[in-house]
Amino acid sequence: MNGIHDLGGMHGMGPVDPEPNEPVFHEVWERRMFGVMMATFAGGYYNVDEFRHGIERMDPAEYLHSSYYEHWLHTVEANLIEKGIIKREDLEAKWAQVAKGAS
C-alpha cells in the first residue's frame, strides 16, 4: 500500500517533532476511545486487518485533518455499522444529541 495513510514511510513530509513529555492521552475522550477499541476488538467485532482497512478507507483530506484517536473512532464506527452491531441512524442521532450538549 502506498497512500496518504502511510505517511510514516514517505520522504519529504518534514521532520517528526515529538512533543516533550507527551502524555498518552491529551483528552479524556481519547482514553475512552482506547477503551472502546480494546473492548470491541477483544469482543471479536473486527480483526486487526479490518481495523486498519477502516482507517485506510478514510477520505484523504479527513485523514490528514483528524487526530490519531479520531482515526480509531472512524474505523470502529465503520466496522460496527458494517457488521450490523449498530445502526448508522442510531449513531447519527446520538451524535446530534452530543452536539446539542445532551448525553
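**Close-up views of a five-helix chain**

**View 1. Asn 21, ahead of the helices.** Asn 21 is found in the segment before H1, and, as in every view that follows, the model shown here is predicted. Asn 21 has a positive phi of about 55°, although this residue is not a glycine. Its side of the story is also one of exposure, since Asn 21 has a relative accessible area of 77% and therefore counts as exposed, the cut-off being over 50%.

**View 2. The chain as a whole, for orientation.** Before looking at further details, the reader may wish to place them in the chain, which has 5 helices and 0 strands, so that from the N terminus on its elements run α-α-α-α-α. Of the 103 residues in the chain, 25% are buried. The chain exposes about 7,600 Å², and carbon and sulfur atoms supply 57% of this area. Among contacts between residues at least 6 apart in sequence, 55% join residues that are at least 24 apart.

**View 3. The largest nonpolar core.** Twelve residues make up the largest nonpolar core, namely Phe 25, Met 33, Met 37, Tyr 46, Phe 51, Ile 55, Met 58, Tyr 63, Tyr 69, Trp 72, Val 76 and Leu 80. Three helices, H1 (28-42), H2 (48-56) and H4 (68-82), each supply at least two residues of this core, and H4 gives the most, with 4 residues. One of the core residues, Val 76, can be followed outward to its partners: leaving aside residues up to four places away in sequence, Val 76 touches Met 33, Val 36, Met 37, Thr 40, Tyr 46 and Phe 51.

**View 4. Thr 40 and its polar partners.** Thr 40 has its place in helix H1, and with a relative accessible area of 10% this residue is buried, because the cut-off for that word is under 20%. What does the side chain of Thr 40 reach with its polar atom? A polar atom of this side chain lies 2.8 Å from the backbone oxygen of Val 36, and a polar contact of 2.5 Å joins the side chains of Thr 40 and Tyr 46. Not counting residues up to four places away in sequence, Thr 40 touches Tyr 45, Tyr 46, Val 76 and Leu 80.

**View 5. Leu 80, facing Thr 40 from another helix.** Leu 80 is found in helix H4 and is buried, with a relative accessible area of 9%. Although Leu 80 and Thr 40 are 40 residues apart along the chain, their C-alpha atoms are separated by 8.7 Å. When residues up to four places away in sequence are not counted, the residues that Leu 80 touches are Thr 40, Tyr 45, Ile 85 and Ile 86.

**View 6. Helix H2 and its start.** The buried residues of H2 are Phe 51, Gly 54, Ile 55 and Glu 56, and they pack against H1, helix H3 (60-64) and H4. At the N-terminal end of H2, Asn 47 acts as a cap, with a side-chain oxygen that lies 2.9 Å from the backbone nitrogen of Asp 49.

**View 7. Ser 66 in the loop between H3 and H4.** Is Ser 66, which is found in the loop between H3 and H4, buried or exposed? At 17% relative accessibility, Ser 66 counts as buried, because this value falls under 20%. A polar atom of the Ser 66 side chain lies 2.7 Å from the backbone oxygen of Glu 62, and the same side chain makes a polar contact of 3.1 Å with the side chain of His 71. Apart from neighbours within four places in sequence, Ser 66 is in contact with Met 58 and His 71.

**View 8. Arg 32, an exposed residue of H1.** Arg 32 has its place in helix H1 and is exposed, with a relative accessible area of 59%. The C-alpha atoms of Arg 32 and Tyr 69 are separated by 9.8 Å, while the two residues are 37 apart along the chain.

**View 9. Where H4 meets H5.** Helix H4 and helix H5 (residues 88-99) pack at an angle of about 140°, with their axes 10 Å apart. On the H4 side the contact is formed by Leu 73, Glu 77 and Ile 81, which meet Arg 88, Leu 91 and Trp 95 in H5. These contact residues divide into 4 nonpolar, no polar and 2 charged.

Terms used:
Residues numbered from 1 in each chain as written. Predicted model: local features only at pLDDT ≥ 70, side-chain atom pairs only at ≥ 80, totals over all residues. Heavy atoms only, no water. Core = buried A, V, L, I, M, F, W, Y, C linked by side-chain atoms within 4.5 Å. Buried < 20%, exposed > 50% of the residue type's maximum accessible area, 1.4 Å probe, protein only. Contact = heavy atoms within 4.5 Å. Axes fitted to C-alpha atoms, helices over the stretch in contact; angles between N-to-C directions. Nonpolar A, V, L, I, M, F, W, Y, C, P; charged D, E, K, R; others polar. Areas by Shrake-Rupley, 256 points an atom, 1.4 Å probe, with all protein chains shown as cover. Polar contact = N/O pair within 3.5 Å; in protein donor to acceptor, adjacent residues only side chain to side chain.
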